[in-house]
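I opened this notebook to record what I looked up in one structure. The entries follow the order in which I checked things.

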Amino acid sequence: DHILPIPAPLDLSLYPLITYQSPSDLSQNAGDGPVGVAEMRIVFDCLARDYATARRLAQALKTILNSYSGVLPDSESTRVYLAESANLADHWEDGSEIYCTSFHALITYGD
């Protein structure tokens with residue numbers, strides 16, 4: 001029920017939840033300039049108080065986004081050509097008592 005931009009809230013009653021960020025967004029260029037296509041990496045951190053829930057959230061995102069194409073639902077013009085899985089990784093931070101499974105997606109879209 002909770003998908004938020006980073007940072008994750010400190011209130012543990014909101015968990016499990018997913019945060020997202022985009023560490024890269026690169027336009028593709030040809031010799032004469034932009035070609036109208038870009039690739040964005042989005043990192044989704046699936047956070048929960050137990051490992052199984054964090055992993056299950058990440059696997060669900062991977063299933064939904066892998067091979068997605070189409071016009072984004074909240075946009076009339078953003079065309080996604082391809083979404084693909086780039087990485088799935090588990091993390092644990094001793095002080096937080098929160099499990100994290102990160103899912104990295106590469107989204108190729110019309111720029």
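**Cysteines**

I searched the model, which is a predicted one, for disulfides and found zero. I then looked at cysteine 46, which is in no disulfide, and its nearest cysteine sulfur belongs to cysteine 100, 7.2 Å away. Seen from cysteine 100, the closest cysteine sulfur is the one in cysteine 46, and 7.2 Å is too far for a bond. The cut-off I applied is 2.5 Å between the sulfur atoms. I also looked up burial: cysteine 46 has a relative accessible area of 0% and is buried. Cysteine 100 is buried as well, with a relative accessible area of 10%.

**Sheet order**

Next I traced the strands. I noted an open sheet of six strands with mixed pairing, in the order β1-β2-β3-β6-β5-β4. β1 (3-5) and β4 (70-71) are at the edges; each has a single partner strand, so one side of each has no neighbour in the sheet.

I went through some of the pairings separately. β1 runs parallel to β2, with three bridges between them. I took isoleucine 3 as an example, and its bridge partner in β2 is isoleucine 18. β2 and β3 are antiparallel and share eleven bridges. A hairpin with two residues in between joins β2 to β3. On this pairing I noted that glutamine 21 faces valine 43 in β3.

At the other edge, β4 and β5 pair in the antiparallel sense over two bridges. There I found glycine 70 bridged to valine 80 in β5. I then checked what α1 does: it packs on the sheet and touches β2 (17-30), β3, β5 and β6, and its direction makes about 10° with that of β6.

**Nonpolar cores**

Which residues make up the largest nonpolar core? I listed twelve: Ile18, Ile42, Phe44, Cys46, Ala58, Leu61, Leu65, Val80, Ala83, Phe103, Ala105 and Ile107. I sorted them by element, and those that give two or more residues are β3, α1 (51-65), β5 (79-93) and β6 (98-110). Another core lies apart from this one; it has five residues, including Tyr15, Leu17, Leu47 and Ile98. As background, I note that nonpolar side chains in soluble globular proteins tend to be buried together.

I looked at phenylalanine 103 in more detail. Leaving out residues up to four places away in sequence, its contacts are Ile42, Val43, Phe44, Ala58, Leu61, Lys62, Leu65, Ser85, Asn87 and Leu88.

**Aromatic pairs**

I counted three aromatic pairs. In the pair of phenylalanine 44 and phenylalanine 103, the ring centres are 6.2 Å apart and the planes are at 20°, so I entered the pair as stacked. Phenylalanine 44 is in strand β3 and phenylalanine 103 is in strand β6, so this pair ties together parts 59 residues apart in sequence. I found both phenylalanine 44 and phenylalanine 103 to be buried.

I then took tyrosine 51 and tyrosine 99. Their ring centres are 6.3 Å apart with the planes at 70°, so the pair is edge-to-face. Tyrosine 51 belongs to helix α1 and tyrosine 99 to strand β6, so the pair ties together parts that are 48 residues apart in sequence. Are these two rings buried or exposed? Tyrosine 51 counts as partly exposed at 40% relative accessibility. Tyrosine 99 is partly exposed too, with a relative accessible area of 28%. I also noted that ring pairs link Tyr51, Trp92 and Tyr99 into a cluster.

**Valine 37**

My last entry is on valine 37, which I located in strand β3 (residues 33-48). I read its relative accessible area as 18%, and with the limit for buried at under 20%, valine 37 is buried. What does valine 37 contact, once neighbours within four places in sequence are left aside? I listed Ser27, Gln28, Tyr81, Thr108, Tyr109 and Asp111. I also computed its separation from leucine 72: the two are 35 residues apart in sequence and 15 Å apart in space, C-alpha to C-alpha.

Methods. Residues are numbered from 1 along each chain as its sequence is written. This is a predicted model: local features need pLDDT of at least 70, side-chain atom pairs count only at pLDDT 80 or more; totals for chains, interfaces and linings use all residues. Side-chain values use heavy atoms; hydrogens and water are left out. Helices (H or I, at least four residues) and strands (E, at least two) are DSSP runs, numbered from the N terminus. Buried means under 20% relative accessible area, exposed over 50%, partly exposed in between (1.4 Å probe, protein chains only). Contact means heavy atoms within 4.5 Å. A nonpolar core is a set of buried Ala, Val, Leu, Ile, Met, Phe, Trp, Tyr and Cys residues joined through side-chain atoms within 4.5 Å. Two strands pair if DSSP finds at least two bridges between them. Axes are lines fitted to C-alpha atoms, for helices over the stretch in contact, and angles run from 0 to 180 degrees between N-to-C directions. Rings of Phe, Tyr and Trp (its six-membered ring) pair if their centres lie within 6.5 Å; planes under 30 degrees apart count as stacked, over 60 as edge-to-face and the rest as tilted.
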